[in-house]
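Pull the model up on your screen and keep the sequence handy. We'll walk through it a piece at a time, starting with the empty spaces and ending with a few backbone oddities.

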Amino acid sequence: MRIIILILLSLIINPMLYAGELEGSYVKPEYLTELRFGAHSHWMHPWRAYLETAPASKFINAIGVNFDVRMDLGDNPYLIAEMLSKYGFTQARIEIGWGHVSFDDETVWNDNIKHLVSACKKFNIRPMILLNGHHGAPCPIKFFARALKSPAKKGDTSIVIDDTSGLRPEYSGICDITDYWACEAIITAIDNNTIQLSKPLPADLGEPGKEIRMAELKYKPFSIPGSDDYNQTMAGWQKYVSVIADYMTKLLETENKQDKGFDLEIWNELTFGSNFLSINNYYSPIIKDYRQDDVWADIAKATADYVDAHPSDFKGVQLCDGFSNTIPWHASSTEPPRVSALSHHPYAGIKNYPADEYKGDALNALLQIDKSAFIPAYTAVFPEYYAEALQTESFTRDMAPLITDIYGAKHGRYARSVKGKILPCNMWITEVGTAPNEIGITDVNTALKLKAKTTARYFTFFINKGVERLHLFSGCGGDHWLGIVKDSFIEYSRSNKTYPDDDSDFISPSLQAVKRITDKMKYKLDPNLKSTRNITIDQLSDTHDNYQFKGDGTPEHPNLYNRELFAFLPYQVNSKRFVIPYYIMTRDVRNSLPIEKYTVNILGIKGKGASLSVYDPINGKNMSLRVLNRGDDSLKLELNTTDYPYLLIIQEE
């Protein structure tokens, strides 16, 4: 009797001991609202702070890829675009950098770009143009070579070359000393054949007779905001925006249409290629200490201002702020009204805990700051990493309908207000992918299967959770790396001009999975559906207590049970039809999860008379399910579940 009483008391004190039951509600806003910036947790799941039903049309219109076709190697963009379109892709990201604009007349000079855009047009794929100033060719530029007349050593601040004619101080310079970087050292003065440099040479250039690569920039690197140099460069950037708009509308033949047929992303990443954003990167000592970060917001605002001032040239064109791709500080509440979205590049890599534990405050399962030394031991490599709370930069803040705060800046889809009215600012993912060869996978078939799993998880999860566009990186990145088009088809495209009658040998598992999911979303689609039904989980349980990592047996550090990671992602096709991807968000996607059974009570579905099925989009087959109860507004099911999305398809009576 004493033992029974002790067990009952323990269950009252510690609800985590209820075997097989999800602890508390499925939707927990506190997982996001209580996750202050600077903190992290292995037990908080910000994506479970809300649950929405997305229109299926949103899914279809969000499927994108980086269209990185190597025409210089013979890749045929038309065949590749045809395959992508056939298998569900509706969006493509194409970079037309500022350096693709000619020096003299400032027009787009690269014919390969014309074919990339034309291929998208032919197969109804909407291009999103990346506006970028990679420091390898950051703006309109002229490249040329000069020969050394004397040795040029690391640390030299002047060198002698064979010819200084045509060189312009403060615009011309030496390229590629330590990196692919135009005018890495800028010429500040010329005396006969001697040129003075903006900083000491960071490496040896060579001996007399050695040719060095040089260039002339049309515009100086971005300098002190408000200065004449800065204003001239910013005006050049705005002209670049106009050049791209003119180029795209003519190529797409949309001059007289209400939608110009393309979108724009402003800048790529701050982690590389962005030295042109500050003139201090080119000078040592620096010209002047100033807030270089202000330039990021200035460029986004200048782009939006130009678009606002020329509305007829940008009808239907959405702007995305790419400066947020690799940093967490940008917030929807501070974006210019004409900017439609923030963007992120959520590449995560492998984390091995406890070695890779984030250094900020740790929150335990009770949402308290944890003072213990306990850190769970496991490996994390999974697509949804940045939607979790494993480090403080959870971008669930930006894609969520809830509003949170980072040092006074309000984040969230609905955090921006203009003239007292909410003006939503969505989130796009313009690059993301899983590279098998970077996580220890060498077998090509294993690599292709893994990418199918992660592709299905990327698209079904993030689009449901608020991402409006998702562009995988990349189309042609290689079977072992990030490509989703198989290498064999890339090779086929190099020697063929027509699409194969039978493409089955060329289709990657990733493309097959995308097509199968989009086909289910398209079936009986109402493209005009705006208002969706609130569907939620009332109860979730299992009988196995399987988990991702082991805790220490305390309420503060319990096991992370798989049921806590049950992703339930409703999409509504029409007034009576639903496609609901669901899966366990496993921490290590390299390990396959055997099928587990979960009992789920779903509210918001007219269960009586509804026809039900479960579909596996990776293997292309129907799965079994067990109906436990049908209600007027509920449905209780036992679902087979694994670590990639199965599709629960519901057709109400």
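**Spaces, cores and odd bends**

Counting only those of 30 Å³ or more, there are three cavities here. Keep in mind as we go that this is a predicted model. The largest cavity holds about 60 Å³ of space. Its lining includes Val432, Gly433, Lys451, Tyr458, Phe473, Ser474 and Ile484. Helix H9 (residues 444-464) gives the largest share of that lining, four residues.

Stay with Ser474 for a moment. The peptide bond leading from Phe473 to Ser474 is cis, with omega near 10 degrees. Ser474 sits in the loop that runs from strand E23 (467-472) to helix H10 (478-482). Both Phe473 and Ser474 are among the residues lining the largest cavity.

Now for the open spaces. The largest pocket takes in about 990 Å³, and 35 residues line it. Which residues lie nearest its centre? They are Glu95, Gly97, His100, Asn110 and Ile113. Strand E4, helix H5 and strand E6 (141-147) are the elements that each give two or more residues to this lining.

H5 is worth a closer look. With 12 residues (111-122) at 1.5 Å each, this helix should span 16 Å, and its end C-alpha atoms are 17 Å apart, so the two figures agree. Asn110, which we just met by the pocket centre, also caps the N-terminal end of H5: one of its side-chain oxygens is 2.8 Å from the backbone nitrogen of Asn112. Ile113, Leu116, Val117, Ser118, Ala119 and Cys120 are buried in H5. The buried residues of this helix pack against helix H4 (77-86), strand E4 (91-95) and helix H6. Just past H5, Asn124 has a positive phi of about 55 degrees.

H6 brings us to the protein's interior. Nonpolar side chains tend to be buried together in soluble globular proteins. In this model the largest nonpolar core has 167 residues, and Phe67, Leu84, Phe89, Phe222, Trp237, Phe462 and Phe566 have the most contacts inside it. Helix H6 (residues 228-252) supplies the largest share of this core, 12 residues. A second, separate core has 15 residues, including Ile159, Leu167, Ile174 and Ile187. Back in the largest core, look at what Trp237 touches beyond its sequence neighbours: Trp98, Leu131, Asn132, Phe222, Ile266, Trp267, Ile299 and Thr303.

Let's finish with the backbone. Most residues other than glycine have a negative phi, and most peptide bonds are trans. Glu106 goes the other way, with a positive phi of about 50 degrees. This residue is in the loop between E4 and H5. Is Glu106 buried or exposed? Its relative accessibility is 5%, so Glu106 counts as buried.

Leu367 has a positive phi too, of about 65 degrees, and lies in the loop between E16 and strand E17 (378-380). At 27% relative accessibility, Leu367 is partly exposed. One of its contacts is Glu34, which also touches Met44 and Leu363. Glu34 comes from the loop between helix H2 (30-33) and strand E1 (39-41), and is partly exposed at 48% relative accessibility.

One last bond to find: Tyr353 to Pro354 is cis, with omega near 15 degrees. Pro354 is in the loop from strand E15 (351-353) to strand E16 (361-363).

Methods: Residues numbered from 1 in each chain as written. Predicted model: local features only at pLDDT ≥ 70, side-chain atom pairs only at ≥ 80, totals over all residues. Heavy atoms only, no water. Core = buried A, V, L, I, M, F, W, Y, C linked by side-chain atoms within 4.5 Å. Buried < 20%, exposed > 50% of the residue type's maximum accessible area, 1.4 Å probe, protein only. Contact = heavy atoms within 4.5 Å. Expected span 1.5 Å × (residues − 1). Polar contact = N/O pair within 3.5 Å; in protein donor to acceptor, adjacent residues only side chain to side chain. 1 Å grid on protein atoms, 1.4 Å probe; cavity = no way out; pocket = protein on both sides within 12 Å on 5 of 7 lines; lining within 4 Å. Points joined across faces, edges and corners; volume = space filled by probe spheres on them. Lists of a residue's contacts leave out its neighbours within four places in sequence.
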